[in-house]
Amino acid sequence: MHIEALSFEQAQALQRPWSYVLVSIVTPGAPRPLFGEDPNRLATVVLEFHDVDERALRRFGEAFGLVGFTEEMARMIWYAIRATTPDGVVAHCEAGISRSAGVAAACAKILNGDDQEFFNRKIPNPHVYHTMLRAWTTLEGLRRRLPRS
């Protein structure tokens, strides 16, 4: 599966020859990018959260109004991927280095079995990465417990 982590600017010019889910990550209060029509984009998940880790959220979150990445946000991404069965996942954030790389690395780990390219070329946000993996594990556990029809 194709998996990419892009910057805000790269994402606005995005056109891919394969079907994909777009994960659009913006800082709370920042303008959202505008995306033109693309028949290959099967779904867009727009999320607003700061580029912070769990420790920073615990220490400064309330005082500074920081919004962290949550398991609910991660589940939204996994649901979009499952519902559309795309050929790829494209995540973007402001710079394409940390938040989107965290999402992309986790998707690569689960969907392709290897996340190393993102850790070699980017700096994935560890909180985002681990939250994505936890959410996948939770969803898989629930799926396995459902009765088969």
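This tour goes through a predicted model, from the whole chain to the sheet, two of the helices that pack on it, and one alanine.

**Whole chain**

Start with the full protein chain displayed as a cartoon. Its secondary structure comes to six helices and four strands, and from the N terminus the elements run β-α-β-β-α-α-β-α-α-α. The radius of gyration is 15 Å, close to the 15 Å that the globule rule gives for 149 residues, so the chain is as compact as a globular protein of that length. Along the principal axes, the C-alpha trace spans about 50 × 40 × 30 Å.

Colour by burial next: 46% of the 149 residues count as buried. With the surface switched on, the accessible area is about 8,100 Å², of which carbon and sulfur atoms hold 52%. Among contacts between residues at least 6 apart in sequence, 63% join residues at least 24 apart.

**The sheet**

Select the four strands. They form an open sheet with parallel pairing, in the order S1-S4-S2-S3. S1 (2-6) and S3 (41-48) are the edge strands; each has a single partner strand, so one side of each has no neighbour in the sheet. From one strand to the next, the twist averages 15 degrees.

Now keep S2 (residues 20-26) and S4 (residues 88-92), which pair in the parallel sense over five bridges. Pick Val23 and look across to S4, where Ala91 stands opposite.

**Helices on the sheet**

Add helix H3 (residues 71-84), which packs on the sheet and touches S2, S3 and S4. The direction of H3 makes about 180 degrees with that of S3. Then add helix H4 (residues 99-112), which also packs on the sheet, touching S1, S2 and S4. Its direction makes about 170 degrees with that of S1.

Stay on H4 and select its two end C-alpha atoms. This helix of 14 residues reaches 19 Å from the first to the last, close to the 20 Å expected at 1.5 Å a residue. Is H4 largely enclosed or not? Of its 14 residues, 10 are buried, so H4 is largely enclosed by the rest of the structure. Among the buried residues are Arg99, Ser100 and Cys107. Step past the end of the helix to Gly113, which follows H4 and has a positive phi near 80 degrees.

**Ala56**

Finally, select Ala56, in helix H2 (residues 54-64). Leaving aside neighbours within four places in sequence, Ala56 is in contact with Gly61 and Leu66. Draw a C-alpha to C-alpha distance from Ala56 to Leu66: the two are 10 residues apart in sequence and 8.8 Å apart in space.

Terms used. Residues numbered from 1 in each chain as written. Predicted model: local features only at pLDDT ≥ 70, side-chain atom pairs only at ≥ 80, totals over all residues. Heavy atoms only, no water. Helix = DSSP H or I, 4+ residues; strand = E, 2+ residues; numbered from the N terminus. Contact = heavy atoms within 4.5 Å. Pairing = 2+ DSSP bridges. Axes fitted to C-alpha atoms, helices over the stretch in contact; angles between N-to-C directions. Expected span 1.5 Å × (residues − 1). Buried < 20%, exposed > 50% of the residue type's maximum accessible area, 1.4 Å probe, protein only. Rg over C-alpha atoms; globule rule 2.2 N^0.38 Å. Areas by Shrake-Rupley, 256 points an atom, 1.4 Å probe, with all protein chains shown as cover.
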